[in-house]
Amino acid sequence: MHKKILIYLLISLGGVFGVLFLLLFSLYMTLPDVKLLEGWTPPQSSIVYDYRDRPYGDIGVQKRYYVKIDEIPDRVIYAFVAAEDRNFFSHSGIDFGAVFRAMIANLKAGRVVQGGSTITQQLAKNLFLTRERTLKRKLKEALLAIKIERTFDKRKILELYLNQIYLGNGAYGVEAAARVYFGKSVKDLTLEEAALLGGLPKAPSRFNPFVNPDTAKTRRNYVLKRMLEDGYITQEEYETAVNKPIVVRKDDKYRLSDYVLDMVKEYLTDKYGDIALQGGLKIYTTIDRDLQALAIRSLKQGLKNTANINGLPIMPETEEDMEEFYKAEKKTLVNGKVYVAKIIDIKNDSAEVELGKNRFKVSLKGLNLEGREYLLVRLFKYDEGWQAEVVPDLQGALISMDVHTGAIRAIVGGYSYAYSPFNRAIKAKRQPGSAIKPVIYLSALLKGETQISSIDARARTFYDPATGKEWTPKNYEDSEYTVVTLREALAKSINTATVNLLDKLGFEIVLSVGDKVGLSNLKPYYSLALGTFEVTPLQLTSAYQVFANLGKKCEPFFIRRIVDENGNVLEENTHKCEEVLPPQETRVLVDMLRAVILEGTGRAARDLPRVVAGKTGTTDEYMDAWFIGFSPYIVTGVWVGYDIKVSLGEKMSGARVALPIWKNFMAVAASKYPNDDFPLPEGTVVVPINPKDYVIADETCPGVNMVFVEGTQPKLTCSDLRNIISP
């Protein structure tokens, strides 16, 4: 009887093992061919360089730089082995002891607290399998690990693993992680830095040294202890490393992208498709990374200053900063105060927001808050109770270009890319206000006028087809003038004189000049003299590049060369320039724009130790503030405003808001070039003009040097005039 039971038991066990064998065999036969890993090239980053061939950043599906195992120091290898798979060098793909220990620990805890996967199993799972938690997937993982171990040696497996593993903050592989966390190559990592990386695979977010340095240090020291126990380091090395502080790179630690890198991504995708983002490319741009950093700082500080003037909170860098503002605020409601509110629900064009224990419904006014959790609101006290209205984010843009090539040297599309990646420098369409006026004054010069020609500046009424109504332009602070020169009218940005000049010239030549400098959307309306159409900051800055380059227009560009991973040049770009306006009249305009700095609305920049020219721009109700200016070598445009069209505040003009940002940037940017004056093309002359009578100054009267097209300058001197008046 007992013998029969034993036989039945053996048969049953044989059947079970047979079924299990068939199951494993069938699974084994469906496994992918691991020999494919011999030529495996993972998605890598493409490196972006600035105009001096210095690394600027990287782009790609994954931030990864593939390195051979011989380029990875032993201390890095041993850190990962000690932390993740201490028996790696002795097992055949599966560590049964680790699996058993994990089972016991998990049973005791009543939940999964420990894993038993080897490095080889992790590699198999990440490269070939999904993340589903099923027995079938786990069996496949184990079989694949065995298959990989039978195909490759341990060093090759480590090479694949250390280049594939995700280590947080967008970094895949040890080389990318070394650059992200420490700003150096993996070959240069110290022992304590290697141990920090070795501790990351278990939970990259929890052990993120940027966010949780204390937790990261505890995990690092655990890895160092394991390395000591396994004989990879000495007691002395351990004691030295374990007492080192966590030191990670300070610059751009959260930046996974920015406005420049976004432009590069969009360019590559549009031209080459998604395959371009698979990595391995070298993209050489025209960006100067020093000027880019300066542009970011200048714009940010200028926006902070404007926010302070208007009583707004310091602008947030990220959503996390907004959250900190929200938590830190005292929720005592004060009439007229701006608060950070949490978004509870969004329906159509309204949202429900939370402020402490209070909830309010606010109109979004067309704002796009996709992905946002917080916004700024201002509270008002009425008889019926408290009400809130949205305060839009104060934003700006800065773009700087080489005058003689059109190469973009810096471009910033907002206060913070991490908070708002919308690139206002190339995508925001805003009214330029008075910054359009040089187009009209250049048209007058082409019609034979000079900068001392006179124009009636008294207010007149016009029918404006743009509105279908009668319209009377007004000057800043309702100032009134009679007759002024073109130079004074442009320098002081006199609206009435400019509209009267447009009426005198007619629309045809003004629209033609606008088209030649890249402003092809001008309409034959009198209000265009005050910039009532829309342009992007890039378009307006490009128009001023033509002025600065004395009539020669250069297409803006930011990609110099693209090289693939095999060294093949995919494309190479250089400047494309053509003369669109005569240099003589354009040089006279430059002299008039120089007067804006010396005598007019831009005089806050007079103390710059460089020869510069430019123009302010302010739109109705102070909704947009501009300053576009240039030296003989570099042109820079600044725009400040809200994303939705509301006022920046009383008297928040271009001179007050945008010019300080421009000046802060150009004080450094212009100093990188020679301190030359603008060249005088053949056919132009510099003549000293008496600013009272507008005749040539001589020893009897003072004069201001002005540029004229040769033959159009005055003929009389102060002495001649005096002789005529008193014969």
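Q: In this predicted model, what share of the exposed area do carbon and sulfur atoms supply?
A: The protein exposes about 34100 Å². Carbon and sulfur atoms are the part asked about here. Their share of that area is 52%.

Q: Which residues form a nonpolar surface patch with about 300 Å² of accessible area together?
A: One member of the patch sits in helix H22, residues 718–725. That member is isoleucine 724. Together, the patch consists of Leu716, Ile724 and Ile725.

Q: Is isoleucine 724 buried or exposed?
A: Its relative accessible area is 54%. Exposed means over 50%. Isoleucine 724 is therefore exposed.

Q: Which strands are the edges of the open sheet with the order S10-S9-S21-S20-S19?
A: The sheet has 5 strands, and the pairing is antiparallel. The twist averages 5 degrees from one strand to the next. An edge strand pairs on one side only. The edges are S10 (408–412) and S19 (613–618).

Q: Which residue in S21 is the bridge partner of leucine 394?
A: Strand S9 covers residues 394–402, and strand S21 covers residues 634–642. The two pair in the antiparallel sense over 9 bridges. In S21, the partner of leucine 394 is tyrosine 642.

Q: At what angle to S9 does helix H19 run?
A: Helix H19 spans residues 537–548. It lies across S9, S10, S19, S20 and S21. Relative to S9, helix H19 runs at about 35 degrees.

Q: What percentage of the protein's residues is buried?
A: The protein has 727 residues. Buried means under 20% relative accessible area. The buried share is 52%.

Notes. Residues numbered from 1 in each chain as written. Predicted model: local features only at pLDDT ≥ 70, side-chain atom pairs only at ≥ 80, totals over all residues. Heavy atoms only, no water. Patch = residues over 30% accessible without salt bridge, like charges linked within 9 Å, V, L, I, M, F, W, Y side chains within 5 Å. Areas by Shrake-Rupley, 256 points an atom, 1.4 Å probe, with all protein chains shown as cover. Salt bridge = Lys/Arg side-chain N within 4 Å of Asp/Glu carboxyl O. Helix = DSSP H or I, 4+ residues; strand = E, 2+ residues; numbered from the N terminus. Buried < 20%, exposed > 50% of the residue type's maximum accessible area, 1.4 Å probe, protein only. Pairing = 2+ DSSP bridges. Axes fitted to C-alpha atoms, helices over the stretch in contact; angles between N-to-C directions. Contact = heavy atoms within 4.5 Å.
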